[in-house]
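I opened this notebook to record how the helices pack within and between the chains. The entries follow the order in which I looked things up.

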Amino acid sequence: MTGVRRATGVPILRLGDVLVTGLLEELDDRSATAFLDELTERITAEGAKGVLIDISRLTIIDSFVARTLSELTTTARLLGTRVIVAGMRPPVAITLVELGLRLDGVETALTAERGMAALGWFRTASSQEVGHGDHAG
Amino acid sequence: MATMPDEPSVRLASRQAPPFAGPPGPVTSRSEHPVRVEEDLMEARHAVRAAALAVDLGLVDQTRVVTAASELVRNAYIHGGGGVLVIEQLSRKGGRGIRLTVSDDGPGIPDLDAALDDGFSTGAGLGHGLGGARRLMHEFDVECPPGGGTTVRVTRWAPG
């Protein structure tokens with residue numbers, strides 16, 4: 001087992017059968033490619049059923065990073081793993097649309113929390129805010 | 001005015017076309033950034049971000065301009081074998097703006113129409129670089145002179 005490798009400086013954590021990772025403010029092309037390779041390797045090594053990628057800190061997504069996310073999602077799907085990209089900043093989303101990139105096939109979530117819920121992770125019952133509404137719990 | 005404000009004014013200079021017209025407004029600041037090694041791509045982005053901030057572009061506009069810069073600089077690096085980025089801060093009646101000029105000494109673009117079509121790419125990327133940068137900016141010019149090389153010049157103005 002490789003443990004927590006940090007070729008890209010980005011930790012990839014395992015929570016049960018889900019891998020959780022996130023991208024920093026910016027991603028150069030080499031780091032994007034290294035991230036794709038490392039995550040794909042970890043998916044098979046850990047037998048992950050789902051991957052959550054938090055991109056709430058990422059300030060730009062250009063065509064290269066968009067392609068990397070698409071490729072990662074496709075590769076993971078072929079391996080039987082579901083990838084959710086969570087927390088895209090609104091300016092990034094607006095720019096992607098204008099750029100003509102729709103990230104087809106890439107599943108997204110508004111927040112990492114919602115992404116985790118989609119992957120089968122829920123807050124514990126002891127949480128004050130459990131459930132979907134303010135009055136739940 | 002028949003033109004829509006968000007529709008980029010495109011002048012696709014052919015290989016026979018005259019050189020670019022003069023600048024649309026006074027340049028208040030100008031900086032040059034080499035695009036020779038991969039690390040320069042990130043440096044260029046940072047410089048563009050700083051300039052976009054300096055002319056008071058909002059967050060969405062900053063993101064548009066930095067993304068367009070990333071596409072153009074990568075094109076120069078990959079297709080043009082490296083080049084140079086010039087960042088100019090502009091000021092005119094009604095608002096400030098930022099102009100990016102990316103030049104390389106590569107082979108040029110054989111078919112501009114195809115290069116601007118989405119999906120076209122002769123190298124790494126999705127083929128959204130040139131067409132995408134055009135949509136993200138207010139003004140867009142590309143020039144491929146007979147001697148080779150490519151110069152792309154894009155401008156975005158802060159909302160007046």
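**Entry 1: helix H3 of chain A against helix H2 of chain B**

I looked up the axes of H3(A) and H2(B), which come within 9 Å and cross at roughly 45°. I note that the model is a predicted one. An angle of roughly 45° is neither under 35 degrees nor within 65 to 115, and H3(A) and H2(B) are therefore oblique to each other. I recorded the handedness of the crossing of H3(A) and H2(B) as right-handed.

I then listed the residues that make this contact. H3(A) contributes A:Pro91, A:Val92, A:Ile94, A:Thr95, A:Glu98 and A:Leu99. From H2(B) come B:Leu59, B:Val60, B:Thr63, B:Arg64 and B:Thr67. Sorted by class, the contact of H3(A) with H2(B) has six nonpolar, three polar and two charged residues.

**Entry 2: the faces of H3(A)**

Which residues of H3(A) are buried? In this helix, residues 90-99 of chain A, I found A:Val92, A:Thr95, A:Leu96 and A:Leu99 to be buried. Viewed down the axis of H3(A), the buried residues fall within an arc of 105°, so they line one face of the helix. On the other side of H3(A), I noted A:Pro90 and A:Val97 as exposed.

I next asked what the buried residues of H3(A) pack against. Their partners are H2 of chain A and, from chain B, helix H2 (59-78) and helix H4 (129-136). After H3(A) comes A:Gly100, with a positive phi near 90°.

**Entry 3: helices H1 and H2 of chain A**

I turned to H1(A), residues 29-46, and H2(A), residues 63-78. Their axes come within 10 Å and cross at roughly 10°. The cut-off for roughly parallel is an angle under 35 degrees, so H1(A) is roughly parallel to H2(A).

On the H1(A) side, I listed A:Asp29, A:Ala32, A:Thr33, A:Leu36, A:Leu39, A:Thr40 and A:Ile43. On the H2(A) side, the contact is made by A:Phe64, A:Val65, A:Thr68, A:Glu71, A:Leu72, A:Thr75 and A:Ala76. I classed the residues of this contact of H1(A) with H2(A) as eight nonpolar, four polar and two charged.

**Entry 4: the contact between the chains**

How many residues does each chain bring to the contact? I recorded 19 residues from chain A and 22 residues from chain B. On the side of chain B that touches chain A, helix H1 (38-54), H2 and H4 each supply at least two residues. H2(B) gives the largest share of that side, nine residues. By class, I entered seven nonpolar, eight polar and seven charged residues for the side of chain B that touches chain A.

Technical notes:
Residues are numbered from 1 along each chain as its sequence is written. Chains are lettered from A and ligands numbered from 1 in the order in which they are written. This is a predicted model: local features need pLDDT of at least 70, side-chain atom pairs count only at pLDDT 80 or more; totals for chains, interfaces and linings use all residues. Axes are lines fitted to C-alpha atoms, for helices over the stretch in contact, and angles run from 0 to 180 degrees between N-to-C directions. Helices (H or I, at least four residues) and strands (E, at least two) are DSSP runs, numbered from the N terminus. Angles under 35 degrees count as roughly parallel, over 145 as roughly antiparallel, 65 to 115 as roughly perpendicular and the rest as oblique. Two residues are in contact if their C-beta atoms, placed from the backbone, lie within 7 Å. Ala, Val, Leu, Ile, Met, Phe, Trp, Tyr, Cys and Pro count as nonpolar, Asp, Glu, Lys and Arg as charged, and the others, Gly among them, as polar. A residue is buried if 20 or more other C-beta atoms lie within 10 Å of its own, exposed if 12 or fewer, and partly exposed in between; C-beta atoms are placed from the backbone. The arc is that of the directions from the helix axis to the C-beta atoms. A crossing is left-handed if the near helix is turned anticlockwise from the far one by less than a right angle, and right-handed if clockwise.
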